[in-house]
Protein chains: 2
Amino acid sequence: MTSRCEMTGWVRSSMGDGVRVLVVDDEPQLLRALRINLAARGFQVSTASTGASALAAAAKTNPQVVVLDLGLPDIDGITVLQGLRGWTNVPVIVLSARGESVDKVAALDAGADDYVTKPFGMEEFLARLRAAVRRGAAVSDTPGSAVVDAGGFVVDLTAKQVTRSGEPVHLTPTEWGILELLVRNEGKLVSQRDILGAVWGPSYLNQSNYLRVYLASLRRKLEDDPGHPVHLLTEAGMGYRFVRG
Amino acid sequence: MTSRCEMTGWVRSSMGDGVRVLVVDDEPQLLRALRINLAARGFQVSTASTGASALAAAAKTNPQVVVLDLGLPDIDGITVLQGLRGWTNVPVIVLSARGESVDKVAALDAGADDYVTKPFGMEEFLARLRAAVRRGAAVSDTPGSAVVDAGGFVVDLTAKQVTRSGEPVHLTPTEWGILELLVRNEGKLVSQRDILGAVWGPSYLNQSNYLRVYLASLRRKLEDDPGHPVHLLTEAGMGYRFVRG
DNA sequence: CGAATTCTTGACGACTTCTTGACGGGCGCA
DNA sequence: TGCGCCCGTCAAGAAGTCGTCAAGAATTCG
């Protein structure tokens, strides 16, 4: 609907598409509607329908913004909010049924950033969401961000996530293990034994064929021309090296 | 990583087998299962079943990674974690019964690196354990790279990389072994026997023709005029010497 | 419990690296 | 001057390493 903002609007390569948003609600229909709408606008959505799973999901995906319904089956939404605030200051948008102004005060008091009453219009909601992301980005970009931009792809070491031209790339645990080690030692040559010991354990130090298989897999997923890698380099007989574009 | 890489440098044989891991749990069965599984993968396991003994064991064995159950009989697991964090930043993986999400958040807030909910699959657990070891290894290895500028080329001893007028130069393992040894003994004369023993092993002490071949190769790659070397010098009958420009 | 993902394993060709022998030049010494 | 020694150079075969593929086993997830 004629919204002027989205499309290329606020999308910046630095911040990227794929802003991670966690949606917590116990109504399947609303959950589905939000997931579809947000995904269509380039957000990377994860969801939870209980307070417990919400906290777990937050710790796991480290979202950049959280949408939290106060009416959850197991734990009070306010409690969930407090649980989050004990650990992160990610922006939280609270949803609640209309008129519950007592809830509203309590939520904002507990550290919510914004408050939306159901039912709500999608445009308004998206606007508030974007505002929350903007605010969050302003404060959270503090320490040496654990995000490495390789040129062709971006590795977020804390979120354990890789994006390529905005699109998230799915890596298996082993693939991520190798990539993480190489990226954390950017520019340095990492010997095969080091990788095998760190990823597979101390008793796999000679299984160099594993590395061949997984490096090939990583290159297929991350390199523009997997046959002639630019970032994931092999030094024959010595090891592997990650370099930025 | 954590490689000391002394003179003989990148010798192929032994590296950190037996990563030291401390497992803290009060369930004898789980403790036993973990000990067996971890030992089978080459880890060097020590265990504790109370918070007090855990702190003592940590101080004694100085583990490279700690697995900590939150439900201990004497001290709260969080307290143990804080006790550890008081003097070390060893990676800690927290175990907890499922659903105790508040505990998880509190644990992560107190400095845990990861958490696993019980019951858990051994594969997943091992993957997280290796990831923790990996992170610990990556950060502990950050003393600024030792770089030697020869004038015509630059040798980065930690990254194992040589650049010439900005462009990286590719060296074979043997070439690097010789160059590293010479550069680490900058200005000193290194006898042929020393080089042969360090790079090829004690049973190649008389294969001086190897050195001729590889020194020629190094000069071709690094010297401006390979026929009249300036940095990689020969002392007839004695050995070789590296000097800066 | 079944389906899907992920991991392991072996084999092959292409490529890189190592080894080996031969040849010639510079230098000191008889 | 002639000889021997040591070194630099070259090239070709041997040996080892890497990328790739595919299929079976193991594990996770719904």
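This is a chat about a predicted model, covering its two DNA strands and one pair of helices.

User: Let's start with DNA strand C: how many residues surround it, and which are the closest?
Analyst: In this predicted model, DNA strand C is surrounded by 17 residues, and the closest are A:H170, A:T174 and A:Y210 from chain A, along with B:T174 and B:Y210 from chain B.

User: Which part of strand C is within 4 Å of the protein, sugar and phosphate or bases?
Analyst: Of the atoms of DNA strand C within 4 Å of the protein, 86% belong to sugar or phosphate, and the rest belong to bases.

User: Which side chains lie by a phosphate oxygen there?
Analyst: Among them is A:T174, which has a polar side-chain atom 2.4 Å from a phosphate oxygen of DNA strand C, while a polar side-chain atom of A:T172 lies 2.7 Å from a phosphate oxygen of that strand, and B:T172 likewise places a polar side-chain atom 2.7 Å from one. The elements giving two or more residues to this surface are α6 (173–184) and α8 of chain A, together with α6 (173–184) and α8 of chain B.

User: What classes of residue make up that surface?
Analyst: The surface near DNA strand C has 11 nonpolar residues and six polar ones, with no charged residues.

User: Now strand D: how do its residues divide by class?
Analyst: The surface near DNA strand D divides into seven nonpolar, six polar and six charged residues. Of the 19 residues around this strand, those that come nearest are A:Q192, A:T234, B:R219, B:T234 and B:G237, and sugar and phosphate account for 58% of the strand D atoms that come within 4 Å of the protein.

User: Which residues lie by a base nitrogen of strand D?
Analyst: They include A:R212, with a polar side-chain atom 2.9 Å from a base nitrogen of DNA strand D, and B:R212, whose side chain has an N or O atom 2.9 Å from a base nitrogen of that strand. On the phosphate side, a polar backbone atom of B:G237 is 2.7 Å from a phosphate oxygen of DNA strand D.

User: Different topic: how do α2 and α3 of chain B cross?
Analyst: The axes of α2 (residues 51–61) and α3 (residues 77–85) of chain B come within 10 Å and cross at roughly 20°, which makes α2(B) roughly parallel to α3(B). The crossing of α2(B) and α3(B) is right-handed.

User: And which residues meet there?
Analyst: From α2(B), B:G51, B:A54, B:L55 and B:A58 meet B:V80, B:G83 and B:L84 of α3(B); by class, this contact has five nonpolar and two polar residues, and no charged ones.

Notes: Residues numbered from 1 in each chain as written. Chains lettered and ligands numbered in written order. Predicted model: local features only at pLDDT ≥ 70, side-chain atom pairs only at ≥ 80, totals over all residues. Heavy atoms only, no water. Near = heavy atom within 4 Å. Polar contact = N/O pair within 3.5 Å; in protein donor to acceptor, adjacent residues only side chain to side chain. Nonpolar A, V, L, I, M, F, W, Y, C, P; charged D, E, K, R; others polar. Axes fitted to C-alpha atoms, helices over the stretch in contact; angles between N-to-C directions. Helix = DSSP H or I, 4+ residues; strand = E, 2+ residues; numbered from the N terminus. Parallel < 35°, antiparallel > 145°, perpendicular 65-115°, else oblique. Left-handed = near helix turned anticlockwise from the far one by under 90°. Contact = heavy atoms within 4.5 Å.
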